Structures are given as structure tokens and as C-alpha cells.
Amino acid sequence: MAKPMKKYLIIAGVIFLLVVIAGVGACFGRQRYSLSNAPILPDTDQDGLSDKTETKLSTDPMLVDTDGDLLTDYDEVVKYGTNPLNIDSDGDSILDNDWEERREYAYSVYTLLMIRKPFDIEVMTDTYQDVRVVAGPDKDGYTTLEIVMYPDTQVPITASSYPLTAVPDEAARYIKPGIATNYNAEMQAAVKTIVGNAQTDVQAAQRILDWVQQNTTYHLDYSIPEFFYITAEEGKVSVHNYEDPFPVDEMLRTHYYADSMFAERTHGTCTSVATLKCALLKAAGIPCRLIQTVPVVFSHGSQTVPYTNNLIRTWNNELEQPQGDDRIMASHGYMEVYLGGQWLRVDREIGIYCQAPGLYLKILSVGDWSEVDFTETWPVDWVQERPFYTLLIDDQEPKHTD
Ligand SMILES: [Ca+2]
Ligand SMILES: [Ca+2]
Ligand SMILES: [Ca+2]
Ligand SMILES: [Ca+2]
């Protein structure tokens, strides 16, 4: 009996793996990048499209918005799929930059979301999402946001020569250590060995990410989003509402501070591993910031989510059906790294929308978790008392396919 059972388990395992691979493929899109040789290409107007690409597209490599419709060439080509040489791509007399019109050439997901602080409206519009405030904050602290997400966006990855010679001030401040991303001299020396003879920033970053994956392990089988308990004032962290049996000092040592995580080759949840990776990237002189995202397909307790039935595509979110005490905390923290002269989302891989299969909305980016305080507005048990509510969600395949 044992053998057939084992066989079934193996088959089940293979099926599971295939589903995971298929899911990952769906999440990241079809194109795969070979990052070890991401090219160094001049980008005169610094819009994210190389001069070479702009010449091929007949856009102006000296001008960020060639047709003058208020959408950058980069956004038209990479994010929206509209024509960067025509202010009205489909000729219906509505300009490409119209909030609805720009959804007609790429797959997009619309959501109406109520959310409490902390979020940063300034950084919420990026290559994957557009955000605007509708109302609020109300008496309970909820602001209502209108959001359009473009999860199919495939960013072109170009590199800069490494070590970096010129980093704009705006990015340079994200090389400095923070309370959590507290790299030290030992880590700086170690990271030199890890990046070795890397010729580009993308190559160096990839080696650091790989090193962390291969040389550190998840510390114990327990999972808390560490920073939900932590505030930092005047350089000191304090822990609130922490009831886990795991001792506080040990939690801080193995999950929060990058220097001790590095020394012990350990890390905690996604926010924790992002801290360690970010500290090592900073130590390598590569600007890095941490981003926090929230799942927009979300329910809690026994609540059903009829709005997800309206979606054309299926976006599995583990939080859709949390059960009892086994609820999964699936807000997701990862990174944005300044590579090839632009900020790229970096999870386990460079330049992808997300690692987890689901729809995640970026709500803020910070140089260090100590710069943000969730403890006031996000209850520790935030699945029950939610700091964000999706009121409406629908998705749309492109109307035009040319
Ligand atoms: Ca350009
Ligand atoms: Ca334009
Ligand atoms: Ca246009
Ligand atoms: Ca139009």
C-alpha cells in the first residue's frame, strides 16, 4: 500500500508544481528576461526607454512625451499600449491621457478602495498602477481611492555600469543605512565578495538576491508581519501589541535588524527578508527602498466576495477565504531597486509585478521600515478589523489589439 500512496503523492506534487509554475507564468507574463547580460543603453531623456528603442519606435529620444498628450513615451509603450506618436490613438476624439481611454489598449483592473493611513499617494502611481483620491479621510480615517492596475506591464530592463558612478540625489538617500536596514562594515566587505566581478548594477543585484536565497533560511515556522508591532522614535524601536510566545528580543534579532539577520543567516516573513536584501543592496552602493502592498481581492471571516465573480481573469489571493486561526496574512512587502537609472520592483526576481499570485496594490515606499508606523492605524488582527476595504472591482481586456 505504501508504494502506490507514495506514487500518488509524487504525482500530486508534480501537478502542484505545474500549477505553481503556470500561476507564476500568468502572474509575470510570458516574457522572461536574461538579466546577467541586461544591456547598458543610453537614455538621453531618462524616460526609461533607451535611445535605441526610441529610434526604433520613431519617438524623440530627447523628449519625454513625443506627441504631447501628457502621457510619457515610456508609459504609452510599456504601461498603456497607446501610440506614443498620436495624441488620440483610436481616433475617437478622446485623448489618450483620459482616465478611461488609456485602459483600452492594455489589460487593467479597476478598484474602489477605502484605506487607512499609512499610504503615500505621491508614490502610488507607478508603472503598474494609477491612483486618485475620491473622498476622505472620513471620521474613521478611511480615504477612498480610485485605482487602475496594469498587472501585465513588462518593464524593459537596462543596466548601469557597476560600481555606480552617478546616482541622482533623489536616489542616493536610499543607499544610507536605516534602523532596520542597518548594514555594517562587515556586511560591506562581504557584499564585495558576493558581487565579485559584476560589470553592471543588475548583475550585482541579482547576485545579492541569489546569495540571500541560497545562504539564509526562514527562522522558525512562525509568521508575523514584524513591522506591524514596531514603531521607531529617535533611533530606537519599541514593540507594541506583541503577544506572540516568541521572545521579543529574539524576534527583533532574527526578523527585524539586518545586521543580526546577516550574522545568523536568517530572516522572517517577506518584510523581513526584504530588509535583509535591501541592507545588502545598500551596502553594495545600489539604492533600494522597501515597498508595502495590500491585496485588493480580499474578504474576511465568512464573508463572500461577489465582486470577484465579475472579474474576467482569476486572481487567486490566499486571503480570499481565510479560515479560523489559520488565516494567512497576505499583505506583501518587497522592494524597489534603482537599476539602469530607474526604479524597478524587485521581489525574488528583478522587474516583476509581484512574486505572489494575486493582485497587490503598492501603498508606500520607504528607505527603512522604521520610517513608517502601522501600529496606530492597523490593528494587529487586521483581517478582522480591516484597515482597507475593496468596495468594487472589475477588470477589462483591451478593446484594441493592434
Ligand atoms: Ca528615452
Ligand atoms: Ca505621449
Ligand atoms: Ca499617445
Ligand atoms: Ca482616443
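**Helix α6**

I looked first at the face of α6 turned away from its buried side, and found the exposed residues Ala-185, Glu-186, Lys-192 and Thr-193 there. I am working from a predicted model.

I then listed the buried residues of α6, which spans residues 185-195: Met-187, Val-191, Ile-194 and Val-195. They sit on the same side of the helix, because the arc they cover around the axis is only 80°. I noted the general background: an α-helix has 3.6 residues a turn, so residues three or four places apart point the same way.

What do the buried residues of α6 pack against? I found three helices listed as partners: α7 (201-215), α9 (258-264) and α10 (270-283).

I checked both ends of α6. At the N-terminal end, Asn-184 acts as the cap, with a side-chain oxygen 3.2 Å from the backbone nitrogen of Glu-186. Just past the helix, Gly-196 adopts a positive phi of about 55°.

**Calcium ion (ligand 3)**

I went through the donors of the calcium ion (ligand 3). Side-chain oxygens come from Asp-67 (OD), Asp-69 (OD), Glu-76 (OE, entered twice) and Asp-96 (OD), while Asn-83 and Asn-86 each give O. The distances run from 2.3 to 2.7 Å. I wrote down the sequence spacing of the donor residues as D-x1-D-x6-E-x6-N-x2-N-x9-D.

Which residue bridges the calcium ion (ligand 3) and the calcium ion (ligand 2)? I found that Asp-67 does, and that the two ions lie 4.2 Å apart.

I placed two of the donors in the fold. Glu-76 belongs to helix α3 (residues 73-80) and Asp-96 to the loop between α3 and β1 (108-115), so this pair ties together parts 20 residues apart in sequence. I checked whether these two donors are buried or exposed. Glu-76 is buried at 0% relative accessibility, and Asp-96 is buried as well, with a relative accessible area of 1%.

**The four-stranded sheet**

I traced an open sheet of four strands with antiparallel pairing, in the order β2-β3-β1-β12. Its edge strands are β2 (129-135) and β12 (388-396), each of which pairs on one side only. I noted an average twist of 15° from one strand to the next.

Inside the sheet I followed the pairing of β1 with β3 (residues 143-149), which is antiparallel and runs over seven bridges. I marked Leu-113 as standing opposite Leu-145 in β3.

**Thr-158 and Thr-217**

I looked up two threonines. Thr-158 is in the loop between β3 and α5 (169-172). Its relative accessible area is 12%, and the cut-off for buried is under 20%, so I entered Thr-158 as buried. Leaving aside residues up to four places away in sequence, I listed the contacts of Thr-158 as Pro-39, Leu-41, Val-202, Leu-339 and Gly-340.

Thr-217 is in strand β4 (residues 217-218). At 52% relative accessibility, against a cut-off of over 50%, I entered Thr-217 as exposed. Which residues does Thr-217 touch, not counting those up to four places away in sequence? I found Arg-265, Thr-266 and His-267. I also looked up Met-261, which is 44 residues from Thr-217 along the chain; the C-alpha atoms of the two are separated by 9.7 Å.

Technical notes
Residues are numbered from 1 along each chain as its sequence is written. Chains are lettered from A and ligands numbered from 1 in the order in which they are written. This is a predicted model: local features need pLDDT of at least 70, side-chain atom pairs count only at pLDDT 80 or more; totals for chains, interfaces and linings use all residues. Side-chain values use heavy atoms; hydrogens and water are left out. Buried means under 20% relative accessible area, exposed over 50%, partly exposed in between (1.4 Å probe, protein chains only). The arc is that of the directions from the helix axis to the C-beta atoms. Contact means heavy atoms within 4.5 Å. A polar contact is a pair of N or O atoms within 3.5 Å; within protein, one must be able to donate a hydrogen and the other to accept it, and residues adjacent in sequence count only if both atoms are side-chain atoms. Donors are N, O and S atoms within 2.8 Å of the metal (3.2 Å for Na, K and Ca); water is not among the atoms, so sites may look incomplete. Two strands pair if DSSP finds at least two bridges between them. Axes are lines fitted to C-alpha atoms, for helices over the stretch in contact, and angles run from 0 to 180 degrees between N-to-C directions.
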